[in-house]
Amino acid sequence: MQELLLEEIARAAPGIEDLGSPLRVIVPSEALRRHVLTALMRDRSRALAGVLVQTLGGAATEILRGSELPPPCGETAYQILVRRRAASEPELQAGLGELENGFDGVVATVRDLLDAGFEPIHEEALLEQLEAISSPVVTSRRLKRAAAIIRVAATVESEASQLHAGRTSTLLRQAAELVLSGTGKFGCRKVLIHGFADATAVAADLIEACLLYTSPS
């Protein structure tokens, strides 16, 4: 895969006249970004002008700053909000409140929901779906816990928005919305996506937006 990437970069790299519109290579992690940069340096005797290798989060941050919007921050605040709201839910407090780090699982589940694209507007529909479940395998207690987690996720997302806090899913979602609306430009001549074995829903949305709405700087 890396050899194919290097070949594609060699074909698509901008010439001197195109340096204002870089070729972007988007990767899932900082470690892979550094690895690709090292491979590029090793593959050629000098750095490639006009080739930008960045993480998806880095691309999202650039899109927001290009629209004069501050990137959201507050991963720690999210965890505090989740634990506080979980403690107020009887179905969660009863089984987890007395355990050391008992709400860690709730924090992880809420994170997964947000990464999947969950927003407060989805709360009512999901709760209705849970109420409609009738199965001997899924107990009433499990359904009540699931409903509690959905309520926690919706409340935390609303509270975080009021505090202007956000996590990675917030950053990626906002960037995708800006690009899709035409407000956030993602200037470059071409985008190459490399190294994604899988992607969350919000990450996939931003990747698709970058591929579809790429424009010259």
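Colleague: Let's start with Cys 188: buried or exposed?
Modeller: Bear in mind that this is a predicted model. The cut-off for buried is under 20% relative accessible area, and Cys 188 has 2%. Since that value falls under the cut-off, Cys 188 counts as buried.

Colleague: Which cysteine has the sulfur nearest to that of Cys 188, and how far away is it?
Modeller: A disulfide is a covalent bond between the sulfur atoms of two cysteines. For a pair to count here, the sulfurs have to be within 2.5 Å. Cys 188 is in no disulfide, and the structure holds 0 of them. The nearest cysteine sulfur belongs to Cys 210, at 7.8 Å.

Colleague: And Cys 73, is that one buried or exposed?
Modeller: Exposed means over 50% relative accessible area. Cys 73 comes out at 56%, so the label is exposed.

Colleague: OK, step back a bit. What pattern does the chain follow along the sequence?
Modeller: There are 10 helices and 3 strands in the chain. The C-alpha atoms fill a box of roughly 65 × 35 × 30 Å along the principal axes. Read along the sequence, the pattern is α-β-α-β-α-α-α-α-α-α-α-β-α.

Colleague: Among contacts between residues at least 6 apart in sequence, what percentage join residues at least 24 apart?
Modeller: The chain has 217 residues, and 39% of them count as buried. As for the contacts between residues at least 6 apart, the share that joins residues at least 24 apart is 79%.

Colleague: Which helix gives the largest share of the largest nonpolar core?
Modeller: That core has 25 residues, and those with the most contacts inside it are Val 82, Leu 92, Val 106 and Val 110. Helices H4 (75-87), H5 (90-96), H6 (104-115), H7 (123-131) and H8 each supply at least two residues of this core. The largest share, 10 residues, comes from H8.

Colleague: How many residues are in the second, separate core?
Modeller: Leu 56, Leu 64, Ala 176 and Cys 188 are among its members. Cys 188, as we saw, is buried at 2%. This second core has a residue count of 21.

Colleague: What does Val 110 touch, not counting residues up to four places away in sequence?
Modeller: Val 110 is one of the residues with the most contacts inside the largest core. Its partners beyond that sequence window are Val 82, Ile 149, Val 152 and Ala 153.

Colleague: How far apart are the C-alpha atoms of Ile 63 and Phe 186?
Modeller: Ile 63 sits in helix H3 and is buried, at 2% relative accessible area. Away from its sequence neighbours, Ile 63 is in contact with residues including Ala 175, Leu 178, Phe 186, Leu 206 and Cys 210. Ile 63 and Phe 186 are 123 residues apart along the chain, yet their C-alpha atoms are separated by 6.5 Å.

Colleague: Where is His 194 found?
Modeller: His 194 is buried, with a relative accessible area of 10%. His 194 touches a list of residues that includes Met 1, Gln 2, Leu 5, Val 25 and Pro 28. Its place is the loop between strand E3 (190-193) and H10.

Colleague: Now pockets. What is the volume of the largest pocket?
Modeller: Of the 17 residues that line the largest pocket, the closest to its centre are Ser 161, His 164, Ala 165, Thr 170 and Gln 174. Helices H8 (140-162) and H9 (168-181) each supply at least two lining residues. By class the lining divides into 10 nonpolar, 4 polar and 3 charged. The volume is about 310 Å³.

Colleague: Which helix gives the most to the lining of the second largest pocket?
Modeller: This pocket holds about 190 Å³ of space. Of its 13 lining residues, the closest to the centre are Leu 56, Thr 168, Leu 172, Thr 200 and Ala 203. Helices H3 (56-66), H9 and H10 (201-212) each supply at least two residues. The biggest contribution, 3 residues, comes from H9.

Colleague: Last one: Glu 68 has a positive phi although it is not a glycine, so what is the angle, and is the residue buried or exposed?
Modeller: Glu 68 lies in the loop between H3 and H4. Asn 101, in the loop between H5 and H6, also has a positive phi of about 60°. With 73% relative accessibility, Glu 68 is exposed, and its phi is about 60°.

Terms used:
Residues numbered from 1 in each chain as written. Predicted model: local features only at pLDDT ≥ 70, side-chain atom pairs only at ≥ 80, totals over all residues. Heavy atoms only, no water. 1 Å grid on protein atoms, 1.4 Å probe; cavity = no way out; pocket = protein on both sides within 12 Å on 5 of 7 lines; lining within 4 Å. Points joined across faces, edges and corners; volume = space filled by probe spheres on them. Helix = DSSP H or I, 4+ residues; strand = E, 2+ residues; numbered from the N terminus. Nonpolar A, V, L, I, M, F, W, Y, C, P; charged D, E, K, R; others polar. Buried < 20%, exposed > 50% of the residue type's maximum accessible area, 1.4 Å probe, protein only. Contact = heavy atoms within 4.5 Å. Core = buried A, V, L, I, M, F, W, Y, C linked by side-chain atoms within 4.5 Å.
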